[in-house]
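Here are my notes on the model you asked me to look over. Have the viewer open while you read, and click on each residue as it comes up.

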Amino acid sequence: MAQIKLHMGKWDEAFEVSYEVYANTKAPVMDKLLPVTVIGLIRARRNDPGAFQLLDEANEMVYDTGELMKLVKVKAARAEAFWLKNELQN
């Protein structure tokens, strides 16, 4: 749901849905992977602080899972964030 809203440009809604899961202390770590990635990507797109810390957290979560699709999503989000950072500095 959050990723769909993100792709539709509904960043506030995507953030709310993602943050609800991310902030839930009882949620399993792997259930937080997509939400933390979405939040980090939204922060990067808005040039808000904390984007890279969240995307680094997602990268650590996914690193040893062996789940290629999840790994690709995290790596793509990190690549976009780095690209945006460079674009914003120029």
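The points below start with the whole chain and then move to single helices and residues.

1. **What kind of model this is.** Before anything else, keep in mind that this is a predicted model. Every value in this note was computed from that model.

2. **The overall build.** What is the protein made of, helices or strands? The count comes to five helices and zero strands, and reading from the N terminus the order is simply α-α-α-α-α. The radius of gyration is 12 Å, close to the 12 Å that the globule rule gives for 90 residues, so the protein is as compact as a globular protein of that length. If you want a box to picture, the C-alpha atoms fill one of roughly 40 × 30 × 20 Å along the principal axes.

3. **Inside and outside.** Of the 90 residues, 32% count as buried. The accessible surface comes to about 5,900 Å², and carbon and sulfur atoms hold 56% of it. Now think about contacts between residues with a separation of 6 or more: 47% of these join residues 24 or more positions apart.

4. **Helix α3, the enclosed one.** Start with its length. With 13 residues at 1.5 Å a residue, α3 should span 18 Å, and its end C-alpha atoms are indeed 18 Å apart, which agrees. Then look at how it sits: 10 of the 13 residues are buried, so α3 is largely enclosed by the rest of the structure. Among the buried ones are L33, P35, V38, I39 and G40.

5. **S18, a buried serine.** Where does S18 lie? You'll find S18 in helix α2, which covers residues 11-22. Its relative accessible area is 1%, and buried means under 20%, so S18 counts as buried. Which residues does S18 touch, leaving aside neighbours within four places in sequence? The contacts are A2, P35, V38 and I39. Three of those names should ring a bell: P35, V38 and I39 are among the buried residues of α3.

6. **The bend in the road at N47.** After α3 comes N47, in the loop between α3 (33-45) and α4. Why pause here? Most residues other than glycine have a negative phi. N47 has a positive phi of about 60 degrees although it is not a glycine. N47 also counts as exposed, because its relative accessibility is 53% and the cut-off is over 50%.

7. **Helix α4, a helix with two sides.** The 12 residues of α4 (residues 51-62) should span 16 Å at 1.5 Å a residue; the end C-alpha atoms are 17 Å apart, which agrees. Which residues of α4 are buried? They are A51, L54, L55, A58, N59, M61 and V62. Look down the helix axis and these buried residues fall within an arc of 160 degrees, so they line one face of the helix. Turn to the other side and you meet Q53 and E60, which are exposed.

8. **Aromatic rings in α2.** How many aromatic pairs are there? The count is three. In one of them, Y19 and Y22, the ring centres are 6.4 Å apart and the planes sit at 55 degrees, so the pair is tilted. Both tyrosines lie in helix α2, three residues apart, about one turn of the helix. Y19 is partly exposed at 42% relative accessibility, and Y22 is partly exposed at 22%. Add F15 and you have one aromatic cluster of F15, Y19 and Y22.

9. **F52 and F82, a link between helices.** F52 and F82 have ring centres 4.7 Å apart and planes at 50 degrees, so this pair is tilted. F52 lies in α4 and F82 in α5 (residues 68-89), so the pair ties together parts that are 30 residues apart in sequence. F52 counts as partly exposed at 23% relative accessibility, and F82 counts as partly exposed at 46%.

10. **More on F52.** Besides F82, F52 is in contact with A81 and K85, once neighbours within four places in sequence are left aside. Measure one more distance in your viewer: the C-alpha atoms of F52 and G40 are separated by 6.7 Å, with their positions 12 residues apart along the chain.

Terms used:
Residues are numbered from 1 along each chain as its sequence is written. This is a predicted model: local features need pLDDT of at least 70, side-chain atom pairs count only at pLDDT 80 or more; totals for chains, interfaces and linings use all residues. Side-chain values use heavy atoms; hydrogens and water are left out. Helices (H or I, at least four residues) and strands (E, at least two) are DSSP runs, numbered from the N terminus. The expected span of a helix is 1.5 Å times one less than its number of residues. Buried means under 20% relative accessible area, exposed over 50%, partly exposed in between (1.4 Å probe, protein chains only). The arc is that of the directions from the helix axis to the C-beta atoms. The radius of gyration is taken over C-alpha atoms; the globule rule is 2.2 Å times the number of residues to the power 0.38. Contact means heavy atoms within 4.5 Å. Accessible areas come from the Shrake-Rupley method with a 1.4 Å probe; for residues, only the protein chains shown count as cover. Rings of Phe, Tyr and Trp (its six-membered ring) pair if their centres lie within 6.5 Å; planes under 30 degrees apart count as stacked, over 60 as edge-to-face and the rest as tilted.
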